[in-house]
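I set out to examine one protein model with its bound ions. My entries below record what I looked up, in the order in which I looked.

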Amino acid sequence: MSTLLTTARHDAYAGVRDRKLAAVLTAEDDAEETGFNPLERISCRIHRRWLHQCVHSQAHVIAVTGHRWCRDCQCPASVSVDELTGTVTVRCQRCLRTPDGPATRQLVRCCRASLANAQDSRR
Ligand SMILES: [Zn+2]
Ligand SMILES: [Zn+2]
């Protein structure tokens, strides 16, 4: 039974060409089941990509927690990722400031880790 479940899970990411990404997706899915915070993920379950590759999607705006969200303006923030320098910048689309707080720091940290892992797997 447990073997079947494992096989099904691996199949779920069979179409992901980056095998390291597929491995990280699987590992983070598993970790979530034992309490790993989904907001600490560096791979994205919805988009099946590295976090920094899909963080631009509306699905990554979480007003409740303040992820990609400016509380002052009640407005989504954009994320820019410079793959060469590894710089990740979060900026409110209205006031153009970086939303201050733990959610922004977490998002920047996870995007940097995602970028580093993706670059490793390309070597
Ligand atoms: Zn995503
Ligand atoms: Zn703002």
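The entries cover the chain as a whole and then each metal site.

**Basis.** I note that this is a predicted model, in which local features need pLDDT of at least 70 and side-chain atom pairs count only at pLDDT 80 or more, while totals for chains, interfaces and linings use all residues. Residues are numbered from 1 along each chain as its sequence is written, chains are lettered from A and ligands numbered from 1 in the order in which they are written, and side-chain values use heavy atoms, with hydrogens and water left out.

**Fold.** I looked up the secondary structure of the protein chain and found four helices and five strands. Helices (H or I, at least four residues) and strands (E, at least two) are DSSP runs, numbered from the N terminus. Their order along the sequence is α-α-β-β-α-β-β-β-α.

**Burial and surface.** I recorded 37% of the 123 residues as buried, where buried means under 20% relative accessible area, exposed over 50%, and partly exposed in between (1.4 Å probe, protein chains only). The chain exposes about 7500 Å², of which carbon and sulfur atoms supply 54%; the areas come from the Shrake-Rupley method with a 1.4 Å probe, and for residues only the protein chains shown count as cover.

**Zinc ion (ligand 1).** Which protein atoms are its donors? I found C44 (SG), H47 (ND1), C54 (SG) and H60 (NE2), at 2.0 to 2.3 Å from the ion. Donors are N, O and S atoms within 2.8 Å of the metal (3.2 Å for Na, K and Ca); water is not among the atoms, so sites may look incomplete. The spacing of these donor residues in sequence is C-x2-H-x6-C-x5-H. The four donor atoms subtend angles of 102 to 117 degrees, so the arrangement is tetrahedral (four donors with all angles between 85 and 135 degrees). I also checked accessibility: C44 is buried at 5%, and H47 is partly exposed at 27%.

**Zinc ion (ligand 2).** I listed C70, C73, C92 and C95 as the protein donors, each through SG, lying 2.3 Å from the ion. Here the four donor atoms subtend angles of 102 to 117 degrees, which makes this site tetrahedral. Along the chain the donors follow C-x2-C-x18-C-x2-C. C73 lies in the loop between β3 (69–70) and β4 (75–82) and C92 in strand β5 (residues 87–92), so the pair ties together parts that are 19 residues apart in sequence. C73 counts as buried at 17% relative accessibility, and C92 is buried at 1%.

Note on methods:
Tetrahedral: all angles 85-135°; square planar, octahedral: opposite > 155°, others 65-115°.
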